[in-house]
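Colleague: Please take me slowly through the empty spaces of this model, and then through the packing of the helices that border them.

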Amino acid sequence: MRKPKVIRMVFALSLGCFVMVIFYFNSNLKPASEPDGERSSGQKSRRSPLQTLYEGDQVESAVQAIHQGRRELLEEACHSYTRKRRVLIPEDLKHVIVDDQHGLLYCYVPKVACTNWKRVLMVLTGAAGSVQDPLAIPANEAHIPGNLRTLSEYSTSQINQRLRSYLKFVFVREPFERLVSAYRNKFTRSYNTAFHKRYGTKIVRRHRPDPQPEALERGNDVSFEEFVYYLVDPATQREEPFNEHWERVHSLCHPCLIHYDVVGKYETLEQDSRYVLQLAGVENQVSFPASSKSTRTTGDMAAQFFHNISPFYQKKLYNLYRMDFLLFNYSVPAYLKFT
């Protein structure tokens, strides 16, 4: 008489286990929860930019293929040219801007449209108040510390959470065009007196034979050749890190330690910026500002600046920026004479 009771108990236990297994699998199919509950309830139901990138079909396949190729090339270059891997520290993350509302991490590189990207992120994060047009935000306001949060400000667990679940993107540029652009902006514009005082006077003192007293005091007439001598001088980096405007991208954004999902290029700025905004699902809310072509530093312009640089110093400068050329798949410029 006890057998039916035992059978019923076994059946009930089996059924309970089956229900638990079904519940377990269903719960594990759900997407990961949003970090710290920081996103609004209206955004929780939609896919994150990271999910859209790797699971979605909302962006034309040609653009996806280009960016997949860039990711793979970067990974291969990191594997080939970096020997030691180290752990990220908060100091490494000072250039990584966080948008918690949309799940974005952006590593900004000066002289690669970073002012406009900061303006866009100020609109997206609400840091610009009611302003919806990025170009309505003054350029100097975009660079005020504290307007946008950086990843270095978060705790270790919050940093790891965001690195895992947010879309990480960076914009890069042909290294010598970026360098010439930095020189033109910081040393040939009369309004950049802070740079003239901070760096120009030092460059003149070290690298100009028999400088005039006015040049030593003002530092406002540094030539490109003198700037190059300053960069390749071993004493320069022994004293202090490079200024961010001419620091190498791999030193600012650590692309072999942070797996960037999108590597945008200055040469395809409009297309790549639109791609990021599409992945974030905000292309109808904000547009990336069109760039001004009239003052833009081009390859031909860079060639003119390098015309008076000797092959010896060209080679030294290339070696200094070599990793940026290799990691981001830029070929050695044809105008260099040491090749």
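Modeller: The answer starts with the pockets, goes on to the cavity and ends with the helix contacts. This is a predicted model, in which local features need pLDDT of at least 70 and side-chain atom pairs count only at pLDDT 80 or more, while totals for chains, interfaces and linings use all residues. Residues are numbered from 1 along each chain as its sequence is written, and side-chain values use heavy atoms, with hydrogens and water left out.

The largest pocket (an open set of points on a 1 Å grid over the protein atoms alone, with protein on both sides within 12 Å along at least five of seven lines) holds about 1000 Å³ of space, a volume being the space filled by probe spheres set on the points. It is lined by 37 residues (those with an atom within 4 Å of a point), and Lys-111, Ala-113, Cys-114, Thr-115 and His-143 are the closest to its centre. Two or more lining residues come from each of α5, α6 (139-142) and α8 (175-187), where a helix is a DSSP run of H or I with at least four residues, numbered from the N terminus. The lining divides into 14 nonpolar, 13 polar and 10 charged residues; here Ala, Val, Leu, Ile, Met, Phe, Trp, Tyr, Cys and Pro count as nonpolar, Asp, Glu, Lys and Arg as charged, and the others, Gly among them, as polar.

The second largest pocket contains about 340 Å³ of space, and among its 16 lining residues His-95, Pro-241, Phe-242, Glu-244 and Leu-252 are the closest to the centre. Both α9 (193-207) and α13 (249-253) supply at least two residues of this lining, which by class has 5 nonpolar, 4 polar and 7 charged residues.

The structure also holds 1 cavity of 30 Å³ or more, a cavity being a set of grid points where a 1.4 Å probe fits but cannot get out. The largest cavity has a volume of about 60 Å³, and its lining includes Arg-173, Trp-246 and Asp-324. Helices α8 and α16 (311-327) each give two or more residues to that lining, with α8 giving the most, 3 residues.

Now to the helix contacts. The axes (lines fitted to C-alpha atoms over the stretch in contact, with angles from 0 to 180 degrees between N-to-C directions) of α5 (114-125) and α14 (269-279) come within 13 Å and cross at roughly 20°, so these two helices are roughly parallel, a term for angles under 35 degrees. In their contact (heavy atoms within 4.5 Å), Trp-117, Val-120 and Leu-124 of α5 meet Ser-273, Val-276 and Leu-277 of α14, which makes 5 nonpolar residues, 1 polar and no charged.

Helix α9, which helps line the second largest pocket, has an axis that comes within 10 Å of that of α11 (224-232), and the two cross at roughly 85°. That makes α9 roughly perpendicular to α11, the term for 65 to 115 degrees. Tyr-199, Lys-202, Ile-203 and His-207 in α9 meet Glu-226, Phe-227, Tyr-229 and Tyr-230 in α11, and these residues divide into 5 nonpolar, 1 polar and 2 charged.

How values were computed. Parallel < 35°, antiparallel > 145°, perpendicular 65-115°, else oblique.
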